[in-house]
Amino acid sequence: MSGPGHEHDDFNFTGGVRELPGKLPDGERILWQGAPRWTSLFRRAFHGRTIAIYFALLIGSRGVAVMLDGGTLGNALTAMSYLLPLAVAGLGLMALIAWLMARASWYTITNRRVLMRAGVVLEITFNFPYSVVDSAGLRVHAEGTGDISLRFTDDNSIAYSHLWPHVRPWRFRHTEPMLRSVAEPQKVAMLLSQAIAQATGGVALPVVSVEPTRAMPMSGVVAASR
């Protein structure tokens, strides 16, 4: 790796380095960098599959209504075809936004903190030192991507709207930043667990479960969590 404050590390699964807003302080080094997979982001953050099913039901119900009114199959197909461009345009726009967000986002794990770069138009970088992280959770999805959420100590918080979509859903009062839809989530979670343990004096334990369970304290384990 090259660049100010960047050092080579075997845990860099992405094979490349993105520049950070400034040079890393002495003693801090990059352990891993990655970005959301846009297809997973579209499916989950934007609920793409659910909306696609909604459009399918809407179009189908239109065809059924025409036939119940005495129309022919051709009439029903014609009526359904009027709604199809709307559905395609809506899903296409959402997919484009998801792609742009994924392209503009970048996660960095160092031996001292987690950084999240986000913003399609206005770029913002969030810094989360390990000293404010109380616990973390891992949720692995069927296609192999996963979400790693960070739970702050009680006196630390950040606005949900500032973080979305890089935030655990429905945690409005106590927001949890989330490395969303990353590849090789178990490896990233283990790396994060070890980095926090080393920074805080805890003991890192291996991640053994990928099922949705209760998040455990970060004195060692990054637990599976919804």
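Is Phe55 buried or exposed? Phe55 is buried, with a relative accessible area of 16%. Keep in mind that this is a predicted model. Here are my notes, point by point.

1. **The aromatics around Phe55.** Phe55 has a ring partner in Tyr54: the two centres sit 5.8 Å apart and the planes make an angle of 55°, so the pair is tilted. Searching the whole structure turns up 6 aromatic pairs. Phe126, Phe128 and Phe152 make up one aromatic cluster.

2. **A long-range ring pair.** Phe46 and Trp164 pair edge-to-face, with 5.4 Å from centre to centre and 70° between the planes. This pair ties together distant parts of the chain, 118 residues apart: Phe46 is in the loop between helix H1 (38-44) and helix H2 (48-68), and Trp164 is in the loop between H4 and E7. With 12% relative accessibility, Phe46 counts as buried, while Trp164 at 33% counts as partly exposed.

3. **The cis peptide.** Have a look at the bond after Trp164: the peptide joining Trp164 and Pro165 is cis, with omega at about 5°. Pro165 belongs to the loop between H4 and E7. As background, most peptide bonds are trans.

4. **Two positive phi values outside glycine.** His47 isn't a glycine, yet has a positive phi of about 55°. His47 sits in the loop between H1 and H2 and counts as partly exposed at 42% relative accessibility. Glu184 is the other one to check, with a positive phi of about 45° although it is not a glycine either. Glu184 lies in the loop between E7 and H5, and at 33% relative accessibility Glu184 is partly exposed.

5. **The four-stranded sheet.** Four strands make an open sheet in the order E1-E2-E3-E4, paired antiparallel. The edges are strand E1 (30-34) and strand E4 (124-129); each has a single partner strand, so one side of each lacks a neighbour in the sheet. On average, neighbouring strands here are turned by 15° against each other, direction ignored. Within the sheet, strand E2 (residues 106-110) and strand E3 (residues 113-118) pair in the antiparallel sense over 4 bridges, and Tyr107 has Met116 in E3 as its bridge partner. Helix H5 lies across E1, E2 and E3, and runs at about 150° to E1.

6. **The E5-E6 hairpin.** Strand E5 (residues 133-140) and strand E6 (residues 146-152) pair in the antiparallel sense too, over 7 bridges. Leu138 stands opposite Ile148 in E6. The hairpin has 5 residues between its strands, and Gly144 there takes a positive phi near 105°.

7. **The cores.** The largest nonpolar core has 28 residues, and Trp32, Ile109, Val114, Phe128, Leu179 and Leu192 have the most contacts inside it. Helix H5 (residues 185-200) gives the largest share of this core, 6 residues. Apart from it there is another core, of 13 residues, including Leu41, Ala87, Met94 and Ala102. Back in the largest core, Ile109 is a good place to start looking: beyond four places in sequence, Ile109 touches residues including Ile30, Trp32, Val114, Tyr130, Leu179, Val188 and Leu192. In general, nonpolar side chains tend to be buried together in soluble globular proteins.

8. **A buried serine.** Ser105 is in the loop between helix H3 (73-104) and E2, and with 1% relative accessibility counts as buried. The Ser105 side chain reaches the backbone oxygen of Met101 at 2.5 Å. Leaving out residues up to four places away in sequence, Ser105 touches Ala35, Pro36, Arg117, Ala118 and His166.

9. **A buried glutamate.** What does the side chain of Glu176 join through a polar contact? The partner is the side chain of Arg151, at 3.3 Å. Glu176 is in the loop between helix H4 (160-163) and strand E7 (178-182). The relative accessibility of Glu176 is 4%, so this residue counts as buried. Not counting neighbours within four places in sequence, Glu176 is in contact with Ser149, Leu150, Arg151, Val167, Arg168 and Arg171.

Technical notes
Residues are numbered from 1 along each chain as its sequence is written. This is a predicted model: local features need pLDDT of at least 70, side-chain atom pairs count only at pLDDT 80 or more; totals for chains, interfaces and linings use all residues. Side-chain values use heavy atoms; hydrogens and water are left out. Buried means under 20% relative accessible area, exposed over 50%, partly exposed in between (1.4 Å probe, protein chains only). A polar contact is a pair of N or O atoms within 3.5 Å; within protein, one must be able to donate a hydrogen and the other to accept it, and residues adjacent in sequence count only if both atoms are side-chain atoms. Contact means heavy atoms within 4.5 Å. A nonpolar core is a set of buried Ala, Val, Leu, Ile, Met, Phe, Trp, Tyr and Cys residues joined through side-chain atoms within 4.5 Å. Two strands pair if DSSP finds at least two bridges between them. Axes are lines fitted to C-alpha atoms, for helices over the stretch in contact, and angles run from 0 to 180 degrees between N-to-C directions. Rings of Phe, Tyr and Trp (its six-membered ring) pair if their centres lie within 6.5 Å; planes under 30 degrees apart count as stacked, over 60 as edge-to-face and the rest as tilted.
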